[in-house]
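I opened this notebook to record what I looked up in one structure. The entries are kept short and follow the order of my reading.

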Amino acid sequence: MLKSFKYRLYPNKEQELQLQNTFGCSRFVYNTMLDYKINQIKNGNKKVSKIDCNNYSNQVLKNKYEWLRVVDKFALTNAIYNMDNAFRKYYKEHRGYPKFKSKKEHRQSYTTNCVYNTSKPTIEVSFENNKVKLPKLKWVKAKVHREFEGKIKSATISQVPSGKYFVSILVETEHIPIESTGRLVGIDLGIKDLLITSDGHKFDNKKLTKKYENKLAKEHRKLSHKVKGSKNWDKQRIKVAKIYEKISNIRKDYLNKISHQLINENQVIVSEDLAVSNMLKNHHLAKAIQDCGWYELTRQLQYKSNWNNRQYIKINRFIKSSQTCHVCNYINVKVKNLAVRKWICPACGTVHDRDINAAINILNEGLKIINLS
């Protein structure tokens, strides 16, 4: 199994300069080869492979621009492969047409491979000394807070808008799944409560954006008063980026704790397949929906289920889970109004909590899918 382990890096000035050079060279090669491939396609040559592009880079670009030889060669090769992959997604998955990278972006990254045909691997982690060895950088100080066993395949070095450096190390390792529990749960994703389970448990919505919006507004106002591109503007931009980073880190940590608990306690988890991008078109709820992080939660549930032999099922989003009585299946159209949090079924008299009832219906729908398969 392939797993990634992310660590904070603390490069010295010389290593930081090498990192910035590598980011720049990777971006330059990506953009140059993207332009090359677009021109080839316009001239009728649609079969330009990533190998052809890489050969062109090695034989032409590196001879023309000697400074490309100073940085990690795998970073340049992976930049070309990423460009080619963008074209594949465009043609096969109908994603957006590949775009040129801008040096004004405050999020930079490159990927390098681990080579084992030498006396020592090119990428290593020292858990005792809190250091990571990377090609062209040698040993870099790091916060190695998680240990692992396995074969290192590659490493992605990145710089986030706040200016911090991270490395994500991809490792081929063994994962021991959690023992089976036999429990089943349906979950209803909401705004008032972030998540409601079919057994009545509710997880609070932290509403982090709302919590920090005054602080963000204040720092954004300061940023707007600076001359764009100046040193003071860049200092203030980093202050704003750190607030966004803090919000993101708190949210991801909270969602990881929720998903870990659900995976630990349940064998089968059922949720709705929500079209979050479409829901964001509702300008009254867009900010609140985006603050919830539903996509990230379902993403975590999916990969953690795969790791631990759990079954994660997404049901049709058009199922009337909130309006249907889970006891007698009566459909109450009045419950369409989101202000209705509790209702009594006119047919059987059952008193329903809107969200718990929806979660039970979601679970029942998931059980139908299991029985059919």
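The entries below cover one helix, two pockets, a cavity and two loop residues.

**Entry 1: the model**

I noted at the outset that this is a predicted model.

**Entry 2: helix H2**

I began with helix H2, which covers residues 50-64. I checked its length against expectation: at 1.5 Å a residue, its 15 residues should span 21 Å. The C-alpha atoms at its ends are 20 Å apart, so the two values agree.

I then asked where the kink in H2 is centred. I found it at serine 57, with an angle of about 35 degrees. Ser57 is also among the buried residues of H2, together with Cys53, Asn54, Leu61 and Lys62. I looked up what covers these buried residues, and the cover includes helix H1 (13-42) and helix H3 (73-92).

**Entry 3: the largest pocket**

I turned next to the open spaces. The volume of the largest pocket is about 1,800 Å³. I counted 44 residues in its lining, and the closest to the pocket centre are Lys6, Lys252, Asn256, Glu296 and Arg299.

I asked which element gives the most to this lining. It is H5, with 11 residues. Helix H5 spans residues 231-265, and it is one of the elements that each supply at least two lining residues. Also in that group are strand S1 (2-10), strand S2 (108-113), strand S6 (151-159), strand S7 (165-172) and helix H8 (294-307). Sorted by class, the lining of the largest pocket holds 18 polar, 14 charged and 12 nonpolar residues.

**Entry 4: the second largest pocket**

I recorded a volume of about 850 Å³ for the second largest pocket. Its lining has 29 residues, of which Glu272, Met279, Ser322, Leu338 and Arg354 are the closest to the centre. Strand S8 (184-189), strand S9 (193-197), helix H6 (276-279) and helix H9 (354-372) each give at least two residues to the lining of this second pocket. I noted its make-up as 13 nonpolar, 10 charged and six polar residues.

**Entry 5: the cavity**

How many cavities of 30 Å³ or more does a search of the whole structure find? I found one. The largest cavity has a volume of about 60 Å³. Its lining consists of Leu194, Asn205, Lys206, Lys207, Leu208, Arg251, Tyr254, Leu255, Asp291 and Cys292.

H5 appears again here: it provides the largest share of the cavity lining, three residues. Both H5 and helix H7 (286-292) supply at least two residues each. By class, I listed five nonpolar, four charged and one polar residue in this lining.

**Entry 6: two residues with positive phi**

I looked last at backbone angles. Most residues other than glycine have a negative phi.

Lysine 207, which I had met in the cavity lining, has a positive phi near 50 degrees. I located lysine 207 in the loop between strand S10 (202-204) and helix H4 (208-224). Its relative accessibility is 38%, so I entered lysine 207 as partly exposed.

Asparagine 329 also has a positive phi, near 70 degrees. I placed asparagine 329 in the loop between strand S12 (311-315) and strand S13 (342-344). Is asparagine 329 buried or exposed? At 56% relative accessibility, asparagine 329 counts as exposed, because the cut-off for that class is over 50%.

Key: Residues are numbered from 1 along each chain as its sequence is written. This is a predicted model: local features need pLDDT of at least 70, side-chain atom pairs count only at pLDDT 80 or more; totals for chains, interfaces and linings use all residues. Side-chain values use heavy atoms; hydrogens and water are left out. Helices (H or I, at least four residues) and strands (E, at least two) are DSSP runs, numbered from the N terminus. The expected span of a helix is 1.5 Å times one less than its number of residues. The bend at a residue is the angle between axes fitted to the seven residues ending there and the seven starting there. Buried means under 20% relative accessible area, exposed over 50%, partly exposed in between (1.4 Å probe, protein chains only). Contact means heavy atoms within 4.5 Å. On a 1 Å grid over the protein atoms alone, a cavity is a set of points where a 1.4 Å probe fits but cannot get out, and a pocket is an open set with protein on both sides within 12 Å along at least five of seven lines; lining residues have an atom within 4 Å of a point. Grid points are joined across faces, edges and corners, and a volume is the space filled by probe spheres set on the points. Ala, Val, Leu, Ile, Met, Phe, Trp, Tyr, Cys and Pro count as nonpolar, Asp, Glu, Lys and Arg as charged, and the others, Gly among them, as polar.
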